[in-house]
Each structure stands twice: as C-alpha cells, then as structure tokens.
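Visitor: I would like a close look at one part of this model. Please take the sheets and the helices packed on them, and walk me through how they fit together.

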Amino acid sequence: MHGENHILVVVNVYKKMSGAGKTVCVTGASGYIASNLVKLLLQQGYSVKASVRSPNNTAKVGHLLKLDGAKERLHLFKADLLEDGSFDSAVNDCDGVFHTASPFLTGTADPQKELIEPALKGTLNVLCSCSKASSVKRVVVTSSIASVAFNTRPKNPEVVIDETWFSDPEFCKEMKWWYVLSKTLAEEAAWKFAEEKGMDIVTINPAMVVGPLLQPTLNTSAESIVNLLNGSETYPNSSLGWVNVKDVAKAHIQAFEIPSANGRYCLVESVVHYSELIEILRKLYPSVQLPEKCADDKPFAPTFQVSKEKSKSLGIDYIPLEQSIKETVESLKEKNFLKL
C-alpha cells in the first residue's frame, strides 16, 4: 500500500505542475481575472511573461511579485494595447498566450476611445504579435458573455443561451451598451484574424466575475457588490450571470492544455436577478442594511439559463454563487473597500 500512496502523491504533484518547463504570456496581468490566472499558472509550474502598462509601478504590480513562484518564474514586460508591436517581446518564445487585457468600465465619456479602441485594436495587436511568434501553439482570449447574449432574441427562464449565440453590434449601439459592443467587436475580429492566419484560438466568455481580489484596486464586477452593501437605497432591475474568478482562471488554463478544446466557452454558474443577490447577502450578513426596493417600478428583468455543457468539458465544477459572494465580501473587507 505504501508504494501506491507514494505514486499517488507523485502523480498529484505532477498534475499540479502541468506547466513545468512551459512559458506562457498573460496580457494585462495586473487585472482582476489576470492576477488570479497568473497565480494559478505559477502554482502549476509555468513560467509567466506578464505584460503590464507600468512594470515599475509597485502599487499596481506589487501583488503579482508577492505570488508563490513569482521570484523564479514571473517576468514583467511593458506593453500597451494601442501600440503596434508592443507585445512582440512578451509573446516571443511562449508556448501559449492568454489575452485578458481589455477595459471594463460602466460609465464612460468617450466609449470609442476608452472602450472600443483598446478592446478591438488591442486584441488585433496581441494576435498580430502571436502570429509572428512560431513558438505559440494556442491563444486563449478572454472574451465575455457580453459578446454572446445581447441581441433581440427574447429571454425568459426557459431560454437557454449557449456558445452558438452572438451579440448584435447594431442592437448594442442602439441601446448604447458600449462595453458590450467593445467585447462583441473584439471577439468578432479575433475569430476573423485567426481564420485568415490559420491560428489556434479559444475564447472564454464569463459572466460577471466575483470571488477573491488579489489586485489593490476595486474592479467593476466587485464594485457592483460594494454598491449593494454601502448603503444604496435601491438595487438595479437586471438579471445577470455570475461566476467565480477561480473557475474562470482554471478554465483559461484548461482551454490551453486540453488539445481538443476549441471555439467559445460560456462560463456562468447561475443567472439571478439583483433581488435574489440581495437575498443571498441578507442570509450571509443578516445585520447589514441592504436596499429594500428596486430602482424602477417595471416588471423584474427576466432570468434566463446559460448552458454549462461545454464548460464542463474543461473540467469546471462550478463554485456555488453563495460561496462566491461570501469570498468576494470577505476579500473586500480585508482590502478595506467595505466597512461592515
């Protein structure tokens, strides 16, 4: 028996170190999803070339340098989404590239400049650098459910959205959904580029991403939770999908490592209306004052379903929403974004 146990331990250690000897690049590495991805890649033995805008700004990159394995296997590179060729040296000699860099803002004065250009031009810029690097076997692009679910098709609790759905850019323009438009155009451009160049790309399309924060700044999806807990009078009338950042990071790595992975992967643990989110928070933090009423008097925005079938093939066993919300709130408290 002793020998068998020893073999099991060795196998488990090896499984964890699936990246040993491999080098990958992560763009926008100081962001929310990217930081969690870098952490997991280092844990699995990868060497990581991380692109950031300001590699010498310790306020922005310090949390990456503190990760286990960072001293030995993390290398920071300066790169800018809008600068042609600025990713060349970051992707050079890499086996794979994770393109996560893309702005996620809800309010914007100049959507073209602040959202659409960086998302669209940035994606093409990174892919262009990848197409020049013969070592790169696959590129995993962080897209979003934003480029899947926003079109004129009706939504209700019976509707199941899957990877065959695409958002409609014209509809997004009409509704002034600029972030959604930026992700839709960027993903469309990525597939077109990959087809023309014969590149192997996979996209990961998560919904609202929550869970522990590693970076020192407040990201947009975590901010939506902060708003509910910081004395807001009302909650938004919308139904959104939610997923844990750790599942998203894992899906990225699996999409790179599993040879048969292909196309798009929607990542959504559950879709809930904000009123249900309030109920979860009330159950977890009974003493906290939470908004009692909806922001408008219209009927509640309908929930819908998102198929988990394809993401399950990446070995994703979703962390339940309640646990994800708890992890988010505890992390926000720890970083002093919440005074509960």
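Guide: What follows goes from one sheet to the other, and then to the helices and residues around them. Keep in mind that this is a predicted model.

Start with the sheet of 7 strands. It is open, and its strands are ordered β3-β2-β1-β4-β5-β7-β11. The pairing is parallel. At the edges stand β3 (74–78) and β11 (263–267). Each has a single partner strand, so one side of each is left without a neighbour in the sheet. From one strand to the next, the twist averages 20°.

Now take one pair from this sheet. Strand β1 covers residues 23–27 and strand β2 covers residues 47–52. They pair in the parallel sense, over 4 bridges. Val 24 has Val 48 in β2 as its bridge partner.

Helices pack on this sheet. Helix α2 (residues 32–43) touches β1, β2, β3, β4 (96–99), β5 (138–142) and β7 (201–206). The direction of α2 makes about 165° with that of β1. Helix α6 (residues 111–132) also packs on the sheet, touching β1, β4, β5 and β7. Its direction makes about 175° with that of β4.

Stay with β2 for one residue. Ala 50 is found in this strand. Is Ala 50 buried or exposed? Its relative accessibility is 0%, so Ala 50 counts as buried. Leaving out residues up to four places away in sequence, Ala 50 touches Val 26, Ala 29, Leu 74, His 75, Leu 76 and Phe 77. Gly 28 is 22 residues away along the chain, yet the C-alpha atoms of Ala 50 and Gly 28 are separated by 7.4 Å.

Next, the nonpolar core. The largest one has 64 residues. Which of its members touch the most others? They are Val 26, Val 38, Leu 41, Val 48, Ile 225, Trp 242 and Leu 277. Helix α2 gives the largest share of this core, 8 residues. Look at Leu 41 in detail. Neighbours within four places in sequence aside, Leu 41 is in contact with Val 24, Val 26, Tyr 46, Val 48, Arg 73, Phe 98 and Ile 253. Another core, of 21 residues, lies apart from the largest one. Among its members are Cys 25, Cys 94, Phe 193 and Met 199.

Now the sheet of 3 strands. This sheet is open too, with the order β8-β10-β12 and mixed pairing. Its edge strands are β8 and β12, and each pairs on one side only. Direction ignored, neighbouring strands here are turned by 40° against each other on average.

Take the pairs in turn. β8 and β10 run parallel and are joined by 3 bridges. Met 208 stands opposite Trp 242 in β10. On the other pairing, β10 and β12 are antiparallel, over 4 bridges. Ser 239 stands opposite His 273 in β12. Trp 242 stands opposite Ser 270 in β12. Trp 242 is also one of the core residues that touch the most other members. As for β10 itself, 5 of its 6 residues are buried, so the strand is largely enclosed by the rest of the structure.

Two helices to check against this sheet come next.

Helix α10 (residues 245–257) packs on the sheet and touches β8 and β10. The direction of α10 makes about 70° with that of β10. Helix α11 packs on the sheet as well, touching β8, β10 and β12. The direction of α11 makes about 95° with that of β12.

Helix α11 spans residues 274–284. Its buried residues are Tyr 274, Ser 275, Leu 277, Ile 278, Ile 280 and Leu 281. What covers them? The cover includes β8 (208–210), α9, β9 (234–235), β10 (239–244), β12 (270–273) and α13.

That brings in the last pair. Helix α9 (residues 220–229) and helix α13 (residues 321–334) have axes that come within 10 Å and cross at roughly 80°. The two helices are therefore roughly perpendicular to each other. On α9, the contact is made by Ala 222, Ile 225, Val 226 and Leu 229. On α13, Ile 325, Thr 328, Val 329 and Leu 332 take part. By class, this contact has 7 nonpolar residues, 1 polar and no charged ones. Ile 225 also belongs to the largest nonpolar core.

Methods: Residues numbered from 1 in each chain as written. Predicted model: local features only at pLDDT ≥ 70, side-chain atom pairs only at ≥ 80, totals over all residues. Heavy atoms only, no water. Pairing = 2+ DSSP bridges. Axes fitted to C-alpha atoms, helices over the stretch in contact; angles between N-to-C directions. Contact = heavy atoms within 4.5 Å. Parallel < 35°, antiparallel > 145°, perpendicular 65-115°, else oblique. Nonpolar A, V, L, I, M, F, W, Y, C, P; charged D, E, K, R; others polar. Core = buried A, V, L, I, M, F, W, Y, C linked by side-chain atoms within 4.5 Å. Buried < 20%, exposed > 50% of the residue type's maximum accessible area, 1.4 Å probe, protein only.
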